[in-house]
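User: I should like a close look at a single part of this model, with its surroundings described in one connected account. Please define the terms as they arise.

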Amino acid sequence: YHDEIISQVIDSDADLIFFFIDPQHLSPLFLEKIEQNRHKLVSVTFDYSKQGVVTLDEAPPAKSSRLLIDHIVERGHQKLDIFAVTHDNEVFTRRAQALRVLAEAQSLEIEFHTGLVPEFSQEYELSAQVARKVYRNGPPPDAICALTVPSAIGLKRGLKDIGIDTGEDCTLVSFEDITLATYSIPSITVAHTRDFLGATSEVVQAFFQPEEKPQDHYTAEAKLFLGESSRKK
């Protein structure tokens with residue numbers, strides 16, 4: 001986030017720049033630079049509305065979370081464990097909040113397990129550690145939702161280490177990373193953004209057609225990918 005190349009790109013003569021940077025990690029000077037160039041910037045996922053920057057959102061957390069909660073209920077689960085073992089940012093916080101509200105509305109018993117990771121790459125190991133700790137001597141899980149796919153993969157490893165198979169003994173679901181979820185073994189059920197390209201096209205059209213004023217937010221749609229990590233009914 002402090003690479004000089006990023007500054008050069010933002011200051012370049014490009015007409016439109018999409019960027020994916022968590023604002024929590026940027027200095028006030030860098031945020032000021034973003035604000036100065038707001039007329040040509042689009043933030044992907046992270047909200048820079050305070051800087052006047054257009055945001056291209058994944059499907060809203062409530063929409064993605066509803067797909068997962070409905071799937072869990074449809075499978076007959078009564079209890080949902082939510083693993084918020086992630087990097088600290090607003091996207092994951094919103095996912096967790098939406099899951100809680102929707103799960104309570106469906107009368108699911110819910111329990112949160114948390115862990116803060118300084119770097120995304122540490123989600124795998126910390127999630128495995130938390131899973132082993134939570135379930136080694138306690139009751140086995142019914143359904144689990146991890147806020148990210150790397151965390152879900154770590155959970156699978158930790159559960160496997162103590163003799164619990166996802167898709168056989170419990171259901172495991174997560175968000176977004178469809179490629180990683182598909183090629184994982186077993187594949188992971190995820191709510192993922194389906195039409196990012198369509199939303200991106202709207203943004204580009206608005207920026208390059210003078211009669212259209214860009215909106216503050218553009219939103220992609222969500223779809224459920226049914227993986228092998230969902231326990232059969």
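Which residues are buried in H5?

Analyst: The model is a predicted one, in which local features need pLDDT of at least 70 and side-chain atom pairs count only at pLDDT 80 or more, whereas totals for chains, interfaces and linings use all residues. Residues are numbered from 1 along each chain as its sequence is written, and side-chain values use heavy atoms, with hydrogens and water left out.

The buried residues of H5 are Glu 123, Ser 127, Ala 128, Val 130, Ala 131, Arg 132 and Tyr 135. Here buried means under 20% relative accessible area, exposed over 50%, and partly exposed in between, with a 1.4 Å probe and protein chains only. Helices (H or I, at least four residues) and strands (E, at least two) are DSSP runs numbered from the N terminus. An α-helix has 3.6 residues a turn, so residues three or four places apart point the same way.

The length of H5 can be checked against expectation, which is 1.5 Å times one less than the number of residues. Its 13 residues should span 18 Å, and the end C-alpha atoms are indeed 18 Å apart, so the two values agree.

As for what covers this helix, the buried residues of H5 pack against S4, strand S5 (109-116), S6 and H6. Packing is judged by contact, meaning heavy atoms within 4.5 Å.

Strand S4 holds Asp 81, which counts as buried because its relative accessibility is 2%. Beyond its neighbours within four places in sequence, Asp 81 is in contact with Tyr 135, as well as with Glu 111, His 113, Pro 141, Ala 143, Ile 144 and Cys 145. Tyr 135 is itself one of the buried residues of H5. The side chain of Asp 81 also makes a polar contact with that of Lys 79, at 2.3 Å. A polar contact is a pair of N or O atoms within 3.5 Å; within protein, one must be able to donate a hydrogen and the other to accept it, and residues adjacent in sequence count only if both atoms are side-chain atoms.

Helix H6 (residues 149-161) is the helical partner in this packing. Its 13 residues should span 18 Å at 1.5 Å a residue, and the end C-alpha atoms lie 18 Å apart, so H6 agrees with expectation. Buried within H6 are Val 149, Pro 150, Ser 151, Ala 152, Gly 154, Leu 155, Lys 156, Gly 158 and Leu 159. The cover over these residues includes helix H5 (123-135), strand S4 (79-86), strand S6 (143-146), strand S7 (171-175), helix H7 (178-183) and strand S8 (189-193). At the start of H6, a side-chain oxygen of Thr 148 comes within 3.2 Å of the backbone nitrogen of Ser 151. After H6 comes Gly 163, whose phi is positive, near 85 degrees.

Charged side chains add a further layer to the picture. Glu 125, Arg 132, Arg 157 and Asp 161 are linked in a network of salt bridges, a salt bridge being a side-chain nitrogen of Lys or Arg within 4 Å of a carboxyl oxygen of Asp or Glu. Within that network, Arg 157 and Asp 161 form a salt bridge with an N to O distance of 2.9 Å. Both residues lie in H6, four residues apart, about one turn of the helix. Arg 157 counts as partly exposed because its relative accessibility is 48%, and Asp 161 is likewise partly exposed, at 40%. Arg 132, by contrast, is among the buried residues of H5.

A further salt bridge joins Asp 142 to Arg 231, the closest N and O atoms being 3.2 Å apart. Asp 142 sits in the loop between H5 and S6 and Arg 231 in the segment after strand S10 (222-225), so the pair ties together parts that are 89 residues apart in sequence. Asp 142 counts as buried, with 17% relative accessibility, whereas Arg 231 is partly exposed, with 22%. A search of the whole structure finds 11 salt bridges.

In brief, H5 packs its buried residues against S4, S5, S6 and H6, and salt bridges link Glu 125, Arg 132, Arg 157 and Asp 161 in a network.
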